[in-house]
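Q: I'm new to this one and would like to know what stands behind the terms people use for it. Could we go through them together?

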Amino acid sequence: MRFFEFEAREVIKRAGIPVTDYGFTTDPSEAAQIAQRIGGPTVIKSQVLSGGRMKAGGVKFADTPEQAESYARDILGLEIGGHMPRGVLVDPRAEVEQEYYAGVVWDGTRKQPVMIFSPVGGIDIEQVAETQPEAVGRRHFSNILAFSDFQAKEVISATGVTGSALNKLVPIVTRLARVFVENDMTLAEINPLGCLADGSFVALDAHMEIENEARGRHAALLKDLGVDDEETRQAREATPFELAGEEVDATDHRGVAGNVTEFDGNLGLVIGAGGGSLTLFDAVRAHGGHPANYCEIGGNPSVAKACGLAKLVLGKPGVEKIAVMMSIVSNTRVDIVARGVIKACLELGEDPAEKIAIFRIPGAWEEEGFKILERYGVDYADRSVSLNEAARRAVEKIQGATA
């Protein structure tokens, strides 16, 4: 789940990281009042979850409270990246001597957080890493043991920062690392972290994302920030297809049939959860296939849930066939998924042998499942066939049908 900038600012403020005297509002007249309180030039920033605010006109610089009100009114009515703003953030226009970058992200390969620091801020850190790799410091650290000032000093000094700036940056970086770990985050970023004319440092922008599964643990924080319990936040609004996937999963407490994401391909996917589903999705694309969706199924769902997910995918416009696949470590009952997807085909008036490009689920009750598939002439594969090979067969079959 993503935080809006004004929420992320509040989180780091509570952690003791210096922030500007900003204000958030949904009312243009209140934007003028905040600007009056600040008492100088301000920046009016759209609060949306998508990027590109500056280019889209969602960031404007006001010299007077009246101008702040006018800009706030314009921005509140401006759609950016398919999102209408939650409000506007009114920020003092700081006199910045230098912009820095500090961020923590989760490294899925190392299974550890990694601190990233650069004295080149205000632009994407990926761009800095590509053009000035020597200006980017990195350090993995434990998500169990506390991140220390010494570790912060190492990652900062690796970029050439010394002296007073180094000493002032250390507690900021340390606190950012602790915010990341304590709140089960996948991203905690300050960009830019500004060094002002008087030598002090202040966070001028912040971006944060929290694990969806950890929301219950941090219910108090989310409540303080005004986040609705039912609110989901992604880079874009969920499509009707994706919302329908959530409804399918909610129909029954047994198993999982979720994380549905819509694409524009012709091969529907009903694939096992976790790393296996990501591997299968990538394998389909690697063999030239065009997935119509991403989704996950597992944990012994009911026949009705498996059927509901398969019907949703089969009914998506443009879908010609579906591939039903899981990894070799699956403990999901094969016969349940087989019954579900075949039931979906039959209820839609389709021939399972034609609509199911491949069925590859090794697991519990697989002999019973294979008998059901054989009865309807469905092409299936056992655990001797790799995930990659199963994906290749599915793509080959749908390409042959298209030709």
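Q: What makes strand 6 and strand 7 (residues 137-140) a pair?
A: Strand 6 and strand 7 share four bridges, in the antiparallel sense. Two strands pair if DSSP finds at least two bridges between them, so these two qualify. One bridge partner to look for is His-140 in strand 7, which goes with Val-114.

Q: Hold on, what kind of model is this, and how are residues numbered?
A: The model is predicted, so local features need pLDDT of at least 70 and side-chain atom pairs count only at pLDDT 80 or more, while totals for chains, interfaces and linings use all residues. Residues are numbered from 1 along each chain as its sequence is written, and side-chain values use heavy atoms, with hydrogens and water left out.

Q: How do you know that strand 5 (residues 96-107) pairs with strand 6?
A: Seven bridges join strand 5 to strand 6, and the two run antiparallel. Set against the minimum of at least two bridges, that makes them a pair. Trp-106, for instance, has Pro-113 in strand 6 as its bridge partner. Strand 5 and strand 6 form a hairpin with four residues between them, and Lys-111 in the turn has a positive phi of about 60°.

Q: What does "strand" mean here, and how many are there?
A: Strands (E, at least two residues) and helices (H or I, at least four) are DSSP runs, numbered from the N terminus. The protein chain has 15 helices and 15 strands.

Q: Why is strand 6 (residues 112-118) called mostly covered?
A: Buried means under 20% relative accessible area (1.4 Å probe, protein chains only). Six of the seven residues in strand 6 are buried, so the label fits. Across the protein chain, buried residues make up 51% of the 403 residues.

Q: What makes a group of residues a nonpolar core?
A: It is a set of buried Ala, Val, Leu, Ile, Met, Phe, Trp, Tyr and Cys residues joined through side-chain atoms within 4.5 Å. The largest nonpolar core has 46 residues, and Phe-117 and Leu-176 are among those that touch the most other members. Helix 7 (residues 163-182) gives the most to this core, with nine residues. Apart from it lies another core, of 33 residues, including Phe-241 and Leu-312.

Q: How do you know that Leu-176 touches Met-208?
A: Contact means heavy atoms within 4.5 Å. Met-208 is on the list of residues that Leu-176 touches, so the two meet that cut-off. Also on the list are Ile-12, Ala-102 and Ile-190, among others.

Notes: Buried means under 20% relative accessible area, exposed over 50%, partly exposed in between (1.4 Å probe, protein chains only). Lists of a residue's contacts leave out its neighbours within four places in sequence.
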